[in-house]
Structure formats: structure tokens, C-alpha cells
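Q: Please take a close look at one part of this structure. Concentrate on the buried charged side chains and what surrounds them, and set them in the context of the whole chain.

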Amino acid sequence: MQSPQDRLQRRKLAAVFLAFVFILVAVDTAGAAKKEKPEKKVKKSDCGAWQWSVCVPTSGDCGLGTREGTRSGAECKQTMKTQRCKIPCNWKKQFGAECKYQFQAWGECDLNTALKTRTGSLKRALHNADCQKTVTISKPCGKLTKPKPQESKKKKKEGKKQEKMLD
């Protein structure tokens, strides 16, 4: 005769075995249920890369505009396309509307020419624009003004605060 502990141990073993079989069956049916998706056919295009013209603003020299793109290829469905674009109004337009430069601080005033200069290095070029790597700009030297003392500003602010508190 078997002891009650042996029976309990056999029942536990049978339960584990049945659970294992159940899991195997579930995994097998889940794998069979998945349908394999056919791979999409990759079309090789004889079309070349798009070549974009510069952005031409609709009005003025900055803001919204359009650019035209072209590409070559014997079997291309589309060889010309127009795209909307925008030229930021705060860029230095004299260096090209699609070229953005990082400028250094203004240099000292040259007394011979009465001009001060600074250089800028290319930061970003939009749509493969042809931009110079570095540019230099000049501007006339302004009047030499003495900076106002900071104490007078503080006194004015304090006076205004006191007036507001009295009101």
C-alpha cells in the first residue's frame, strides 16, 4: 500500500506534467495560427534623386514661398514637383536665403575705414544650398556713447515702487 504522502506527491507530479503538456499544445497552436505574411516586392526605380531649386518667396524677400524639384529617369511617373517652403525673415539675406551663419562679436572700430567687422561660420544650409563656409560683414562705427550709470536706474525703479505702494 501507498502512503498518503506518496499519493499526494504523484498527484502533484501528474498535475505538473499535464500543465506542461497543456502549455506545449497552446504554444504549438498559437504558432500555427499565425499566417506568414508574404514579403513585399522591392521595386527598383530608375529615377534619380530629386534636385531642388532655391526657395522663391511669394511676396517680398522672406516668408512663405515655393521651390521646384526635378529628377531624371526613363520610367519615372513624376519628373517635376513643386514644394512649399519658408525663408526665415531674420536670416542674413545677403549671403543667400538658405544659408544660416553663426557670427562672432563685432570687432573694434577701424579708425582708417570707420568700419567694424565680424565673421560668421556656416551653421546650416537648407536643401543642399551652395553656401560659403565663412563670410565677413562690415558696418559703420556708431557714435561712442558713455554707458549710463546703473545707480540712477535703480533709484528710478525704487522711486516708482514707492509711488505704487502709496497709491
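A: What follows starts with the whole chain and then closes in on single residues.

The model is predicted. The chain has two helices and seven strands. From the N terminus, the order is α-β-β-β-β-β-β-β-α. The helices therefore stand at the two ends of that order, with the strands between them, as DSSP runs are counted. Of the 167 residues, 13% count as buried. The accessible surface comes to about 15400 Å². Carbon and sulfur atoms hold 55% of that surface. Take the contacts with a separation of 6 or more: 39% of them join residues 24 or more positions apart.

Now the nonpolar core. The largest one has six residues. They are Cys99, Tyr101, Phe103, Cys131, Val135 and Ile137. Strands β5 (99–103) and β7 (134–140) each supply at least two of these residues. The largest share, three residues, comes from β5.

Next, the buried arginines. Arg67 sits in strand β3, which spans residues 63–70. Its relative accessibility is 2%, so Arg67 counts as buried, the limit being under 20%. The side chain of Arg67 reaches the backbone oxygen of Ser53 at 2.9 Å. That pair is a polar contact. Beyond residues up to four places away in sequence, Arg67 touches a list of ten partners, given here in three groups. One group is Trp52, Ser53, Val54 and Cys55. Another is Lys81, Thr82, Gln83 and Cys85. Glu98 and His127 complete the list. Ser53 thus appears twice for Arg67: as a touching residue and as the owner of the backbone oxygen at 2.9 Å.

Arg118 is the other arginine to look at. Arg118 is found in strand β6, residues 115–125. This residue is buried, yet Arg118 has no salt bridge. The nearest side chain of opposite charge belongs to Glu108. Glu108 is 13 Å away from Arg118, and a salt bridge needs a separation within 4 Å. A backbone atom is found at polar-contact range instead. The backbone oxygen of Gln104 lies 3.4 Å from a polar atom of the Arg118 side chain. For both arginines, then, a backbone oxygen is a partner: Ser53 for Arg67 and Gln104 for Arg118.

Strand β4 offers a contrast in exposure. Lys86 is found there, within residues 80–87. At 57% relative accessibility, Lys86 counts as exposed, because the limit is over 50%. Lys86 and Arg67 are 19 residues apart in sequence. Their C-alpha atoms are 9.6 Å apart. Leaving aside neighbours within four places, Lys86 is in contact with Cys55, Gly63 and Leu64. Cys55 is also among the residues that Arg67 touches.

The stretch leading into β6 deserves the same attention. Gly107 is placed in the loop between β5 and β6. Its relative accessibility is 32%, so Gly107 counts as partly exposed. Gly107 and Thr117 are 10 residues apart along the chain. Their C-alpha atoms are separated by 5.5 Å. Outside its neighbours within four places, Gly107 is in contact with Lys116 and Thr117.

Ala114 belongs to that loop too, between β5 and β6. Its phi is near 60 degrees. That is a positive value in a residue other than glycine. Most residues other than glycine have a negative phi. Ala114 is partly exposed, with a relative accessible area of 40%.

Leu115 comes next, in strand β6. At 33% relative accessibility, Leu115 counts as partly exposed. Leu115 and Cys141 are 26 residues apart along the chain. Their C-alpha atoms are separated by 5.1 Å. Leaving aside neighbours within four places, Leu115 contacts two runs of residues. One run is Glu108, Cys109 and Asp110. The other is Ser138, Lys139, Pro140 and Cys141. Glu108 has a further role here: its side chain is the nearest of opposite charge to Arg118, at 13 Å.

In short, Arg67 is buried at 2% relative accessibility, and Arg118 is buried without a salt bridge.

Technical notes:
Residues are numbered from 1 along each chain as its sequence is written. This is a predicted model: local features need pLDDT of at least 70, side-chain atom pairs count only at pLDDT 80 or more; totals for chains, interfaces and linings use all residues. Side-chain values use heavy atoms; hydrogens and water are left out. A nonpolar core is a set of buried Ala, Val, Leu, Ile, Met, Phe, Trp, Tyr and Cys residues joined through side-chain atoms within 4.5 Å. Buried means under 20% relative accessible area, exposed over 50%, partly exposed in between (1.4 Å probe, protein chains only). Helices (H or I, at least four residues) and strands (E, at least two) are DSSP runs, numbered from the N terminus. Contact means heavy atoms within 4.5 Å. Accessible areas come from the Shrake-Rupley method with a 1.4 Å probe; for residues, only the protein chains shown count as cover. Lys and Arg count as positive and Asp and Glu as negative; His and the chain ends are not counted. A polar contact is a pair of N or O atoms within 3.5 Å; within protein, one must be able to donate a hydrogen and the other to accept it, and residues adjacent in sequence count only if both atoms are side-chain atoms.
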